[in-house]
Amino acid sequence: DCNQRSIGQRGRQVLDKLIPLLICHLEQSQSEASTLTRVLLVIGKIVTRTAYIELLFENEGALKHLIKLCSASSWVTEHIAKYPILLDELIDPKLLHNPPALSSYKVELREIMLRIPEDDLEAQMDCLRQFKQAQQLRIAAGDISLVLPITKVSDHLTALAEAIIAEVINLAWQHMSQRFGVPKSTLGNNNKGFSVIGYGKMGGLELGYSSDLDLVFLHNSDQSELTTGERQIHASQFYMKLAQRILHIFNTRMSSGILYELDMRLRPSGNSGLLAIHINTFEQYQLEDAWTWEHQALVRARMIYGESALQQKFTKIRQQILSLPREKTALHKNVVEMRDKMRRHLDKSNAELSDIKQGRGGLVDIEFLAQYLVLLHSNKLESIRGFSDNISIFNQLYRDKVITLEQKESLIQGYCHLRDRGHQLTLQNERLLISSEEFAQLSGGVADIWPKFMEQ
């Protein structure tokens, strides 16, 4: 197939040398036949790009690392095949084994974006996508080589997403301010009067490679406030347009794909609600109209972008909602009914296989148990309101004597083991289904803990 393509004489010559070299390395590393198939998938995608073929031939370190990554992960293989520019990351494999500091993602991305003309939105959007893909490859390499444990993998994926969100907001703000000016209250300071709340895996610092982002946009503009531009609009309308621009930057499908899948359904009134709402409206909705499952979601929520005043306001609202007194029987009924509904619609377990996420004793059961216990006890136990990740919640529930040491260790170990296995399956592009025997071993005693609290 390669010989029939328009690859040029030089490319064909290099390819004729590269394939035997590849076979030699595969034999030396005793790789499986699937590894050859995966590496050839990548080569098939770059065969018309002589520079990449030469890179792999002239830099054996890069070729060896490509073989290692393809052997360990079909997800990485497809990622590189889809976006060959990622091969540049293999030039210095040392970088792939030394993940950056969590705080460096924002700094590095900001420096890269400053090199692109401000009026070239397409180039900016493409750069964001390439940055995400390159950094995810570095994180996956650290994961595969065991440099990063599962919790650190999620920390890095979450920090990367936060850096990209901040940069997208900067881009959207720049384009909106050129058209309408800015809300008057933001003049003369660096505050945008705008914040992003992360829910679910984003809020809980537990992102995976293919996770979408559950977000809610809030602002704190006055009802009568206008923008400063010649074409003035109300600040609330400005923030609505800002949110639409943010979604456009994330969702536009380019040659390098979309940026992230955004899920905005957790905003007040769901898909029928405004994309950006005043923080007071958010508070009123949570107090008067939110369902129990929306308060469950708030357990896993945190502000991931926004000025200090909004941060303090959101924290106060979250603490207030979580600390509301709740009647145990009604809360228990609502949580169990929602979990049963999800299980009926989403659990793919069968007689031989168990669903890592939705199966009995799986990840969602553990998450629901954490949320239920927080909502039940945080009226009296202020300490458990300060966490949005499950591991910290279970540790605090043990310190507060809500659960036993044995229960805490089973829940945390089960959660980490199942997440780790889920990451492994994702890297192989496989469904999150494992044998019932393996599931029971990984989840430990979670299936026995669930009925003690949730089947009363």
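**A buried strand, two cores and a set of salt bridges**

All 6 of the 6 residues in strand β1 (residues 194-199) are buried, so the rest of the structure largely encloses this strand. The model is a predicted one. β1 makes a good starting point for a walk through it.

Take the two faces of β1 in turn. In a regular strand, side chains alternate between the two faces of the sheet. On one side of β1 sit Phe194, Val196 and Gly198. On the other side sit Ser195, Ile197 and Tyr199. Each of these residues is buried, so both faces of the strand count as covered by the cut-off of under 20% relative accessible area.

Next come the strands that pair with β1. Strand β2 (residues 213-219) runs antiparallel to β1, and 6 bridges join the two. Within that pairing, Gly198 has Leu215 of β2 as its bridge partner. Strand β5 (residues 302-305) also pairs with β1 in the antiparallel sense, over 3 bridges. Here Ile197 stands opposite Met303.

Leu215 leads on to the nonpolar interior. The largest nonpolar core holds 90 residues. Leu87, Leu213, Leu215, Phe217 and Phe250 touch the most other members of it. Helix α9 (residues 150-180) supplies the largest share of this core, with 16 residues. A second core is separate and has 54 residues, among them Val364, Ala370, Tyr415 and Phe439.

Phe250 shows what such a residue meets. Set aside its neighbours within four places in sequence. Phe250 is then in contact with Arg129, Ile164, Ile165, Val168, Leu213, Ile258, Leu259, Tyr260 and Leu262.

Now turn to charge. Side chains of opposite charge can pair when their charged atoms come close. The whole structure contains 10 salt bridges. One of them joins Glu162 to Arg302, with the closest N and O atoms 2.6 Å apart. Glu162 lies in helix α9 and Arg302 in strand β5, so this pair links distant parts of the chain, 140 residues apart, between elements defined as DSSP runs. Both Glu162 and Arg302 are buried.

A second pair is Glu206 and Arg300, again with the closest N and O atoms 2.6 Å apart. Glu206 is in the loop between α10 (200-203) and β2. Arg300 is in the loop between α13 (292-299) and β5. These two residues are 94 residues apart, and their pair links distant parts of the chain. Are they buried or exposed? Glu206 has 5% relative accessibility, so it counts as buried. Arg300 has 4%, so it counts as buried too.

A third salt bridge forms where the side chains of Arg339 and Asp365 meet, at 2.6 Å from N to O. Arg339 lies in helix α15 (residues 328-346) and Asp365 in helix α16 (residues 363-377), so the pair ties together parts that are 26 residues apart in sequence. Arg339 is buried, at 0% relative accessibility. Asp365 is buried as well, with a relative accessible area of 2%. Shared partners also build a network: salt bridges join Glu206, Arg300 and Glu367 into one.

What about disulfides? How many does a search of the whole structure find? It finds 0. Two cysteines can still be placed by their accessibility. Cys70 counts as buried, at 0%. Cys127 is buried too, with a relative accessible area of 13%.

Two loop residues deserve a look at their backbone. Ser269 has a positive phi of about 70 degrees, although it is not a glycine. Ser269 sits in the loop between β3 (262-263) and β4 (276-278). Its relative accessible area is 43%, so it is partly exposed. Asn429 is likewise not a glycine, yet has a positive phi of about 55 degrees. The loop that holds Asn429 runs between α18 (405-427) and β7 (433-435). With 39% relative accessibility, Asn429 counts as partly exposed.

To trace the path again, begin at β1, which is largely enclosed. Follow its bridges to β2 and to β5. From β5, the salt bridge of Arg302 leads to Glu162 in helix α9. Helix α9 in turn contributes 16 residues to the largest core.

Note on methods
Residues are numbered from 1 along each chain as its sequence is written. This is a predicted model: local features need pLDDT of at least 70, side-chain atom pairs count only at pLDDT 80 or more; totals for chains, interfaces and linings use all residues. Side-chain values use heavy atoms; hydrogens and water are left out. A nonpolar core is a set of buried Ala, Val, Leu, Ile, Met, Phe, Trp, Tyr and Cys residues joined through side-chain atoms within 4.5 Å. Buried means under 20% relative accessible area, exposed over 50%, partly exposed in between (1.4 Å probe, protein chains only). Helices (H or I, at least four residues) and strands (E, at least two) are DSSP runs, numbered from the N terminus. Contact means heavy atoms within 4.5 Å. Two strands pair if DSSP finds at least two bridges between them. A salt bridge is a side-chain nitrogen of Lys or Arg within 4 Å of a carboxyl oxygen of Asp or Glu. A disulfide is a pair of cysteine sulfur atoms within 2.5 Å.
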